[in-house]
Amino acid sequence: MKAMILAAGRGQRMMPLTQNMPKPMLKVAEKPLIEHHINNLKAAGITDIVINLAWQGDKIKDYFKDGSQFGVNILYSQEVEGGLETAGGIIEALPLLGDSFIVINGDVYTDYDVSALMQLHLQPGEAHIVLIENPPHNPDGDFALSHLSAESQKYTFSGIGRYQADFFKGLTQGIRPLGPILREKLNEHLVSTELYIGQWDDIGTPERLNQLNTRLEA
């Protein structure tokens with residue numbers, strides 16, 4: 001199975017740290033954030049990884065190269081300046097990803113074990129996403145658990161999921177966020193969910209990055 005790490009975002013809220021650096025290259029526990037994802041994927045047995053690039057993408061490419069020094073094989077999906085949003089980036093990279101694949105947001109830090117996603121038996125056109133308890137910056141959440149009604153308690157999308165390639169069938173290339181697609185497909189009962197109670201941080205602001213590094217150093 002292959003995995004994709006979304007790393008093309010501009011990181012406006014992280015300024016000035018992202019003035020000349022892509023957000024996934026910011027240091028967490030003395031390593032680039034995205035390196036933690038690569039190590040976790042490798043530990044789960046996933047060594048074929050696709051990374052999409054836009055803002056300062058050359059810095060990611062120069063650091064990881066083909067991935068061989070990290071024990072993985074990395075392919076890059078170069079996007080237009082400004083990026084294509086989450087779903088747009090996935091759709092652009094579909095020729096590199098195969099029939100079923102895992103996607104992880106490059107700007108989160110987590111100890112979630114993606115091995116669980118590899119064991120799922122998804123049907124054609126389906127997806128499975130990981131939800132987490134709502135952090136302070138998203139108190140209202142994004143999605144209810146799939147076996148509950150849409151009006152039930154909502155949780156926050158972790159940015160981690162597994163998708164069948166034909167989940168995106170019929171969607172044209174271009175700038176396209178993932179959230180609306182997930183909501184539509186949830187209503188069609190094509191998306192399953194799970195709630196993860198564990199380490200997860202959205203590195204959305206310099207303050208959150210500092211708080212995470214302080215906790216990890218303690």
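A pocket here is an open set of grid points with protein on both sides within 12 Å along at least five of seven lines, and its lining residues have an atom within 4 Å of a point. With that in hand, let's take a walk through this structure, keeping in mind that it is a predicted model.

**The pockets**

Start with the largest pocket, which has a volume of about 910 Å³. Its lining counts 34 residues, and the ones nearest the centre are Arg13, Glu85, Thr86, Asn105 and Asp107. Where does the largest share of that lining come from? Strand E10 provides it, with four residues. E10 covers residues 154-164, and it is joined by helix H3 (85-97), helix H5 (179-187) and strand E12 (200-202), each of these four elements supplying at least two lining residues. As for chemistry, the lining of the largest pocket splits into 11 nonpolar, 15 polar and eight charged residues.

Next comes the second largest pocket, with about 260 Å³ of space. It is lined by 15 residues, and Pro135, Pro136, His137, Trp200 and Asp201 are the ones nearest its centre. E12 turns up here too: both E12 and helix H6 (206-217) supply at least two residues of this lining. H6 gives the most, with four residues. By class, the second largest pocket has seven nonpolar, three polar and five charged lining residues.

**A closed space, and helix H1**

The structure also holds one cavity of 30 Å³ or more. About 50 Å³ of space lies in the largest cavity. Its walls are made by His37, Asn40, Leu41, Ile104, Thr110, Tyr112, Val114 and Ile160. How many charged residues are in that lining? There are no charged residues, alongside five nonpolar and three polar ones.

Helix H1, residues 33-43, gives the most to this lining, with three residues. H1 has a good number of neighbours to hide behind, if you go by its list of buried residues: Leu33, Ile34, Glu35, His36, His37, Ile38 and Leu41. Two names on that list, His37 and Leu41, also line the cavity. After H1 comes Gly45, with a positive phi near 95 degrees.

**Helix H2 and its two sides**

Helix H2 spans residues 57-64, and its buried residues are Gly57, Ile60 and Phe64. Why do they sit on the same side of H2? They cover an arc of only 60 degrees around the axis, so they share one side. There's a handy rule behind patterns like this: an α-helix has 3.6 residues a turn, so residues three or four places apart point the same way. Flip to the other side of H2 and you find Asp58 and Asp62, both exposed.

**Rings that meet**

A search of the whole structure finds nine aromatic pairs. One of them joins Tyr63 and Phe64: their planes are at 75 degrees, and anything over 60 counts as edge-to-face, so that is what this pair is. Tyr63 is partly exposed, with a relative accessible area of 33%, whereas Phe64 is buried, at 0%. Another pair, Tyr163 with Phe168, is tilted, and both of its residues are buried. Here are the two pairs together:

| Pair | Centre to centre | Angle between planes | Type |
|---|---|---|---|
| Tyr63 and Phe64 | 4.7 Å | 75 degrees | edge-to-face |
| Tyr163 and Phe168 | 5.6 Å | 45 degrees | tilted |

Tyr163 and Phe168 also belong to one aromatic cluster with Phe101 and Phe167.Phe167 has a further partner: Lys185 lies over its face, at 5.3 Å from the ring centre. Elsewhere, Arg10 lies over the face of Trp55, at 3.6 Å from the ring centre.

**One last glycine**

Gly125 is found in the loop between helix H4 (115-118) and strand E8 (127-132). Is Gly125 buried or exposed? Its relative accessible area is 11%, so Gly125 is buried. Gly125 and Ser100 are 25 residues apart in sequence, and their C-alpha atoms are 9.9 Å apart in space.

Key. Residues numbered from 1 in each chain as written. Predicted model: local features only at pLDDT ≥ 70, side-chain atom pairs only at ≥ 80, totals over all residues. Heavy atoms only, no water. 1 Å grid on protein atoms, 1.4 Å probe; cavity = no way out; pocket = protein on both sides within 12 Å on 5 of 7 lines; lining within 4 Å. Points joined across faces, edges and corners; volume = space filled by probe spheres on them. Nonpolar A, V, L, I, M, F, W, Y, C, P; charged D, E, K, R; others polar. Buried < 20%, exposed > 50% of the residue type's maximum accessible area, 1.4 Å probe, protein only. Phe/Tyr/Trp six-rings, centres within 6.5 Å; stacked < 30°, edge-to-face > 60°. Lys NZ or Arg CZ within 6 Å of the ring centre and 35° of its normal. Arc of directions from axis to C-beta.
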